[in-house]
Amino acid sequence: MYAGPVQDLIDELGRLPGIGPKSAQRIAFHLLKAAKQDALRLSRAIAEVKDRITFCQRCFNVCEGTYCELCNDPRRDATLVCVVEEPRDIVAVEKTGEYRGLYHVLQGAISPIEGIGPEQLKVKELLARIDTEQVAEVILCTNPNLEGEATAMYLARLLRPLGMRVTRIASGLPVGGDLEYADELTLGRALEGRREMEG
Ligand SMILES: [Zn+2]
């Protein structure tokens, strides 16, 4: 529709999650009109994260270097592992101030519709940690929606025979929503009220 570079930019923006063709066009023309240094700040920020930030080799949180700050912190209780879908969920749990254990980021949730099964998630890596670390309890802190519940159920079935406590955050969170939208108090209570997974 447009000349080469403009269309390239629209196409790239349109590949981002939650950005439809109309939004992609609007953002592209916003960048075209913006001062050069302002637009380039965005491209530099992207280049910077791609150069410097990777995923923690233990918990798959975002980090600089091999391990993230949480994994490197000796004051954290390494017998507790809170399983979340995305690094942003760690931020949500940390904000509650109720949790002093470690995390494991699955980098997604089971979703048959999107063709995402356990093989696409960091499940193997979780099992490897349980094999080598002294984990007493795994807290399944996936989102309170269809995919999150299916993922929690799958992991509970997988983990329970291995002998550690497997718990799920309490209901009471807005159903169908994401953890990141829950307020700190509600999420803190859901963590505190976590229950043994059954069935
Ligand atoms: Zn880590």
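Where along the chain is the place of F60? In this predicted model, F60 sits in the loop between β1 (54-55) and β2. That loop is a handy place to start looking around, but the overall layout comes first.

The protein holds seven helices and seven strands. Walking along the sequence, the elements come in the order α-α-α-β-β-β-α-β-α-β-α-β-α-β. Measuring up the C-alpha trace along its principal axes gives a span of about 60 × 35 × 35 Å. Of the 199 residues in the protein, 41% are buried. Contacts also reach across the sequence: take those between residues at least 6 apart, and 57% of them turn out to join residues at least 24 apart.

Back to F60. Most residues other than glycine have a negative phi. F60 is not a glycine, yet its phi is positive, at about 70°. As for its surroundings, F60 counts as buried because its relative accessibility is 12%, and the cut-off for that label is under 20%. Q107 pulls a similar trick with its backbone: here too phi is positive, about 65°, in a residue that is not a glycine. Q107 belongs to the loop between β4 and α5. With a relative accessible area of 27%, Q107 is partly exposed.

Next up is the metal site. Which residues hold on to the zinc ion? The zinc ion is coordinated by the SG atoms of C56, C59, C68 and C71, at 2.3 to 2.4 Å. Spelled out as a spacing in sequence, these donor residues follow C-x2-C-x8-C-x2-C. The angles among the four donor atoms run from 100 to 119°, and the site is tetrahedral. To earn that name, four donors need all their angles between 85 and 135 degrees, so this site qualifies.

How accessible are the cysteines themselves? C56 is buried, with a relative accessible area of 0%, and C59 is buried too, at 1%. C71 has a relative accessible area of 12%, which also makes C71 buried. What about bonds between cysteines? In general, a disulfide is a covalent bond between the sulfur atoms of two cysteines. In this structure, the number of disulfides is zero.

D73 is found in the loop between β2 (62-63) and β3 (77-84). Is D73 buried or exposed? D73 counts as buried, because its relative accessibility is 17% and the label applies under 20%. Looking further afield, D73 and G20 are 53 residues apart along the chain, and their C-alpha atoms are separated by 41 Å.

P112 makes a nice contrast. P112 lies in the loop between β4 (101-105) and α5, and P112 is exposed, with a relative accessible area of 73%. Between P112 and T167 there are 24 Å from C-alpha to C-alpha, with the two residues 55 apart along the chain.

Two of the helices deserve a look as a pair. In general, two packed helices are described by the angle between their axes and the distance between the axes. For helix α5 (residues 123-132) and helix α6 (residues 146-159), the axes come within 12 Å and cross at roughly 35°. The crossing of α5 and α6 is right-handed. On the α5 side, the contact is made by V123, L126, L127 and I130. On the α6 side, the partners are Y154, L155, L158 and L159.

The tour ends in helix α7 (residues 184-192), which is home to L187. L187 is buried, with a relative accessible area of 0%. Which residues does L187 touch, leaving aside its neighbours within four places in sequence? L187 is in contact with A92, V93, T96, L173, L179 and A182. One of these, L173, is 14 residues from L187 in sequence, and the C-alpha atoms of the two are 7.0 Å apart in space.

Conventions. Residues numbered from 1 in each chain as written. Predicted model: local features only at pLDDT ≥ 70, side-chain atom pairs only at ≥ 80, totals over all residues. Heavy atoms only, no water. Donors = N, O, S within 2.8 Å, 3.2 Å for Na, K, Ca; no water. Tetrahedral: all angles 85-135°; square planar, octahedral: opposite > 155°, others 65-115°. Buried < 20%, exposed > 50% of the residue type's maximum accessible area, 1.4 Å probe, protein only. Disulfide = S-S within 2.5 Å. Axes fitted to C-alpha atoms, helices over the stretch in contact; angles between N-to-C directions. Helix = DSSP H or I, 4+ residues; strand = E, 2+ residues; numbered from the N terminus. Left-handed = near helix turned anticlockwise from the far one by under 90°. Contact = heavy atoms within 4.5 Å.
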